[in-house]
Every structure is written in C-alpha cells, then in structure tokens.
Amino acid sequence: MQRPAAGFNFAFAFGSVSITERGTVLILSDIFCDILAVDDDPALLEIYKDILEPAPQRILTAFGSGRTECLEADCFRVTCRAHAQEALEAVGQSFEKGKAFSAIFLDVNMPPGPSGIWAAEEILKIDPAANIVLVTGYIGSEFGNLPRHLNLSDRLLFLQKPFHPQEIVQFASALSAKWRAEQQVRALNCNLESLVGQRTAELQRSNLQLRREVDHRKRVQHELQESLTYLKKIMGGTVMAIAATVEKRDPYTSGHQRRVAELARAIGTEMGLSHDQVEGLYIASAIHDIGKISLPAEILSKPAQLSSLEMGLIQTHAQAGYDILQNIEFPWPVAKIVLQHHERLNGSGYPHGLCGEEILKEACIVGVADVVETMSSHRPYRPSMGVDKALEEISAKKGILYDPYAVDACLCLFQEKRFELASPVFA
C-alpha cells in the first residue's frame, strides 16, 4: 500500500488540524467511526486497516496539488474478524456497549464456516440499523442466493473484488455519515418522544387537578344549593307565619293572602315568568297586606261601608307594608311589590299614583289576583260577588286599570278550568 507522502503532519486526537506544505487545511472529525471488516484472508484485513485508518492522509494526497483547501475527514477505527460467528459476537458486544459499527464490510465466501449472507441476516437481527457492504468477486451469482427478505436496500450494499482503496474510503465515509445522521434522527425522535411523554404527563396531571377542582366546585355548589333551598324554606315558613299573624286580626279575610299568592303564582307561570320570578311573586303575594297590621282591628272587621276617613286609613297599608319590609334583604323586590300592588295603569291607584311601566310587572299581577280573590270572597260589609263577576271586572278594565297580559292569563286559567280558588276558611 502507498505510504504517506513527505511533508504531512498528522495528529489523530479529537478535532485535530493538519496543514500540508502547499497550504491545504484538513479538519479531522472529533469522533472516531468504528468499522468492522470481516474476511477469512488476513492479508485483506490488513489492507482494510491500511486503507481506512490513514484515510485523512489519502485525502490530502488527492487535494494537495497547490490549491488552498479546507477539508473535513472522518477518522476510522477498524476492527477485524476472520469468521462470520466472530463478526456476530463483535456486533453484539459493540451494540450492547452503545458503540455500534457505522459500517460493516463482510466477505461473502468464508469457508468452511457460514457465508457472509448468513452473517448479514443475523447481524440485522442484532442491529437493524447496521450498514453492511457485502464484498464478493462474483456479484452476479451471489445476488441470486440472497434470502427473499434481504435485498440491495439502504442497509445492504455490494462491492466487487478487486476493489480500489478509494472505493473503501468512499463506502466508509458515506455510510458513516449516513449512520451519524440516523443516530441524530433517532436521538431527536427519542427526545421528542420524551418531550411528548413529559407533556402528556403534565397534561394528565393538569386534567386530574382540573377534575378534582371541578368535583370540588360541584360539591361546594351542591352544598350552597342545599343551603339556599333550606334558607328559602325557612324564609317561606317565616313569611307564611307573618301572613297568618296578620290574618288572625281579621277572621273575615282569613286565607286571603294565601289564595292571592296561589292565583298570582299561576298567573305568573302562565305569562312565562322565570321560576325565580314566580318564586318572588309568591312570597310578595303571601304578605302583600302585611301593612294592615298597623290598622285598628275594628276597621278591618267593620260590617258596614267605610267612611272616607277610614278608607284613607286602609289605603295606608301599602306604604306601611313597604316600611316593614324595606330593610329585609329578600332576593326579590318584595317590598316594592307590596308597595305597588294597589297602583293602577291609568294612575288612579295608591299610594303614589304610578301609571304604566312605572309599576312593577309582579305588582300588576298581584293587583289582578287581589281583585279577583277579594270580589270572589265574603266580606263583613257584603256577600261574595262570585268569580264570574270578578272576571268581568278585570276584563272590562283590561288595559285601563289592570295589566292586559296579567288579565288575559287569569281569564285563560279560569276559562280553561286550570285553576280554582280555594274556599275561605274562617278563623
């Protein structure tokens, strides 16, 4: 083999640099590429070592003809084996240590042991990423002996004997570069898989934490809903107790507020009010006459027509009811509903003579329900006028005194027999 020309100065350390007498700069790779050469001829194994290990010198010989060049070259480290079985052991050991061969030159005919084709098949089982060059003097006949699952792919190449040293260098350099690129791709894929796994784990932890938070909020919401339901139950009981207290002072109108509340709730539902609005409407209706607690009992139960002075006192009960309720923090405008339930659309009502949209919708509904219940029930100063008379009253004055939507809803309930006033119960 040709030896290095005079004038070369090489250092085979990692990342070393050499310069020729003519100025060519050679940058050596900082990582050795491990090459496996397998041949039953010891002389050929020596040739592999002589060709590959001084390969950078050959590159300088080729490019050092007076030009200033900057060249990169791989540094090869050659491992030699004489038989197929020895080659398998070398591949297995290097693979286990994480130092796989970047290229394997494998003689096809190695009698009396197994052939290179058998060895190639077994090597690919150990290291599927191995780059194998089958070296043979009879490439045509040997190609026909390949197993069906082996072919001239990117893992299995052929080199025909006799070969030129530059062919060995080119195969080793190209396959080593390919091997390094594949290693980098695998490393990137591994890092990507690790990153994906890490992000997946983070998302799973976040989802778990989110589920726990959602479950906690659901529990808190359920507890709050139960507390609200309980408080509403207590509030309803308290309101009904207050209503009963007021009605105890006037046995002739016992149950009036409860019956107004039932009718008002039915009207509100018929009009399409929300559940919350209907609930507030019922509470306000059940105590709409709470202000009468401030009136003398003899006026409330007087069995004759009231004088103008007494009627003036009666009309103060709406304001009195508002004064009693205004500082109680209901979730609905209960105090205002109580204050306005005797207001009328044309401004003829009391206590403030409000008209039209100045009156709360709920107060309009209570006003209609109050008129129907009052006219339908017995009073100390007159007998019951009946439901039909009451319905005639609100129908005749619909849009004048009474809200037309509330009137229509009330008429519909009674005409379709979907509501019936409960009978008065005298105390």
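How do H6 and H8 lie relative to each other? In this predicted model, they turn out roughly parallel (angles under 35 degrees count as such), because helix H6 (residues 165-248) and helix H8 (residues 275-286) pack at about 25 degrees, with their axes 9 Å apart. Axes here are lines fitted to C-alpha atoms over the stretch in contact, and angles run from 0 to 180 degrees between N-to-C directions; helices are DSSP runs of H or I with at least four residues, numbered from the N terminus. On the H6 side the contact (heavy atoms within 4.5 Å) involves Lys 232, Gly 236, Val 239, Met 240 and Ala 243, and on the H8 side Asp 276, Glu 279, Tyr 282, Ile 283 and Ala 286.

As for empty space, the largest pocket holds about 780 Å³. A pocket is an open set of points on a 1 Å grid over the protein atoms alone, where a 1.4 Å probe fits, with protein on both sides within 12 Å along at least five of seven lines; a cavity is a set from which the probe cannot get out, and lining residues have an atom within 4 Å of a point. Volume is the space filled by probe spheres set on the points, which are joined across faces, edges and corners. The pocket is lined by 28 residues, with Met 311, Ile 314, His 342, Thr 374 and Tyr 381 nearest its centre. H13 gives the most, four residues.

Two cavities reach 30 Å³ or more. The second largest has about 60 Å³, and H13 again supplies the largest share of its lining, three residues.

Residues are numbered from 1 along each chain as its sequence is written. Local features need pLDDT of at least 70 and side-chain atom pairs 80 or more, while totals for chains, interfaces and linings use all residues, and side-chain values use heavy atoms, without hydrogens and water.

Key: Helix = DSSP H or I, 4+ residues; strand = E, 2+ residues; numbered from the N terminus. Parallel < 35°, antiparallel > 145°, perpendicular 65-115°, else oblique.
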